[in-house]
Amino acid sequence: MSVLSCIREASNKIGIARPDQVFAGTDRTSYELQEAINETAKAIRDDFDWQRLRKIQTMTGDGSYTAFDLPSDYGRMPKKAALIPSDTPHQPLVHIVDTDEWLRMELEEVQSIVRRWTIYQDQVQISPTLDS
């Protein structure tokens, strides 16, 4: 089913004239429909972990580097994302979502033995460092 056929089917219900085109239209109704369609398409893309949009990324540690750039085509992490170290695959890194919590943990004087990760500044931040 195309976008145009969906709009044609809904046109009577939403009180608009049955359009012959949507994205080529320059009237106010066409612009409003274009905006609604684009917002809906983004919601469909972002609200579900589509298999075709998923990739596995490898980050190679060197024992000192803690920040890893996100891939150029990065959109978001899957809802149940896990970072799994190859040396301890049964112990995924703990995801720290809250930036304030991450910063507090980084400032603590006691070095954590639990590996953790977060994303900020367009990088995956990992602490403590990944071994080489």
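This report walks through the sheet, core, loops and main pocket of a predicted model.

## The sheet at a glance

Let's start with the strands. Four of them, arranged as β1-β4-β3-β2, make an open sheet with mixed pairing. At its edges lie β1 (67-69) and β2 (94-95), each of which pairs on one side only. Helix α3 (residues 99-107) packs on this sheet and touches β3 and β4. The direction of helix α3 makes about 125 degrees with that of β3.

How do the pairings divide up? β1 and β4 run antiparallel and are joined by 3 bridges. Strand β4 (residues 123-127) also pairs with strand β3 (residues 116-120), again in the antiparallel sense, over 5 bridges. The parallel part of the sheet comes from β2 and β3, which pair over 2 bridges.

## Following the bridges across

Individual residues let you trace these pairings by eye. Val-124 in β4 is a handy place to begin: Phe-68 stands opposite Val-124, and Ile-119 has Val-124 as its bridge partner too. One step along β4, Gln-125 has Thr-118 opposite.

Arg-116 offers a second path. Arg-116 of β3 is the bridge partner of Val-94, and Arg-116 also stands opposite Ser-127 in β4.

## Strand β4, well enclosed

Is β4 buried or exposed? Of its 5 residues, 5 are buried, so the strand is largely enclosed by the rest of the structure. Its side chains are split between two directions: Gln-123, Gln-125 and Ser-127 point one way, while Val-124 and Ile-126 point the other way. The polar names in that first set are worth a second look, since Gln-123, Gln-125 and Ser-127 are buried as well.

Just past the strand there is a feature to check in the backbone. Ser-127 and Pro-128 are joined by a cis peptide bond, with omega of about -15 degrees. Pro-128 itself belongs to the segment after β4.

## The hairpin turn

β3 and β4 form a hairpin, with 2 residues between them. Gln-121 is found in this loop, and so is Asp-122. Both have unusual-looking backbone angles to inspect: phi of Gln-121 is near 55 degrees, a positive value in a residue other than glycine, and phi of Asp-122 is likewise near 55 degrees.

Are these turn residues buried or exposed? Gln-121 counts as exposed because its relative accessibility is 64%, above the 50% cut-off. Asp-122, at 62% relative accessibility, counts as exposed by that cut-off too. The buried residues of β4 thus follow on from an exposed Asp-122 in the turn.

## The nonpolar core

The largest nonpolar core holds 8 residues: Phe-68, Leu-70, Leu-83, Leu-93, Trp-117, Val-124, Ile-126 and Leu-130. Two of these names are familiar from β4, where Val-124 and Ile-126 point the other way from Gln-123, Gln-125 and Ser-127. As a general pattern, nonpolar side chains in soluble globular proteins tend to be buried together.

Which residues does Leu-93 contact, leaving aside neighbours within four places in sequence? They are Leu-83, Pro-85, Arg-115, Arg-116, Trp-117 and Ile-126. Leu-83, Trp-117 and Ile-126 appear in the core list alongside Leu-93, and Arg-116 is the residue that bridges to Val-94.

## Pro-85 and its surroundings

Pro-85 lies in the loop between β1 and β2. Despite that loop setting, Pro-85 is buried, with a relative accessible area of 7%. Not counting residues up to four places away in sequence, Pro-85 touches Gln-91, Pro-92, Leu-93 and Arg-115.

For a sense of how the chain spreads out here, compare Pro-85 with Ser-72. The two are 13 residues apart in sequence, and their C-alpha atoms are 22 Å apart in space.

## The largest pocket

The largest pocket has a volume of about 1,300 Å³. Its lining counts 39 residues, and those lying nearest the centre are Lys-55, Ile-56, Gln-57, Met-77 and Leu-83. Leu-83 therefore links two parts of this report, because Leu-83 is also one of the residues of the largest nonpolar core.

Which elements each supply at least two residues of the lining? They are α2 (28-46) and β4.

Notes:
Residues numbered from 1 in each chain as written. Predicted model: local features only at pLDDT ≥ 70, side-chain atom pairs only at ≥ 80, totals over all residues. Heavy atoms only, no water. Core = buried A, V, L, I, M, F, W, Y, C linked by side-chain atoms within 4.5 Å. Buried < 20%, exposed > 50% of the residue type's maximum accessible area, 1.4 Å probe, protein only. Contact = heavy atoms within 4.5 Å. Pairing = 2+ DSSP bridges. Helix = DSSP H or I, 4+ residues; strand = E, 2+ residues; numbered from the N terminus. Axes fitted to C-alpha atoms, helices over the stretch in contact; angles between N-to-C directions. 1 Å grid on protein atoms, 1.4 Å probe; cavity = no way out; pocket = protein on both sides within 12 Å on 5 of 7 lines; lining within 4 Å. Points joined across faces, edges and corners; volume = space filled by probe spheres on them.
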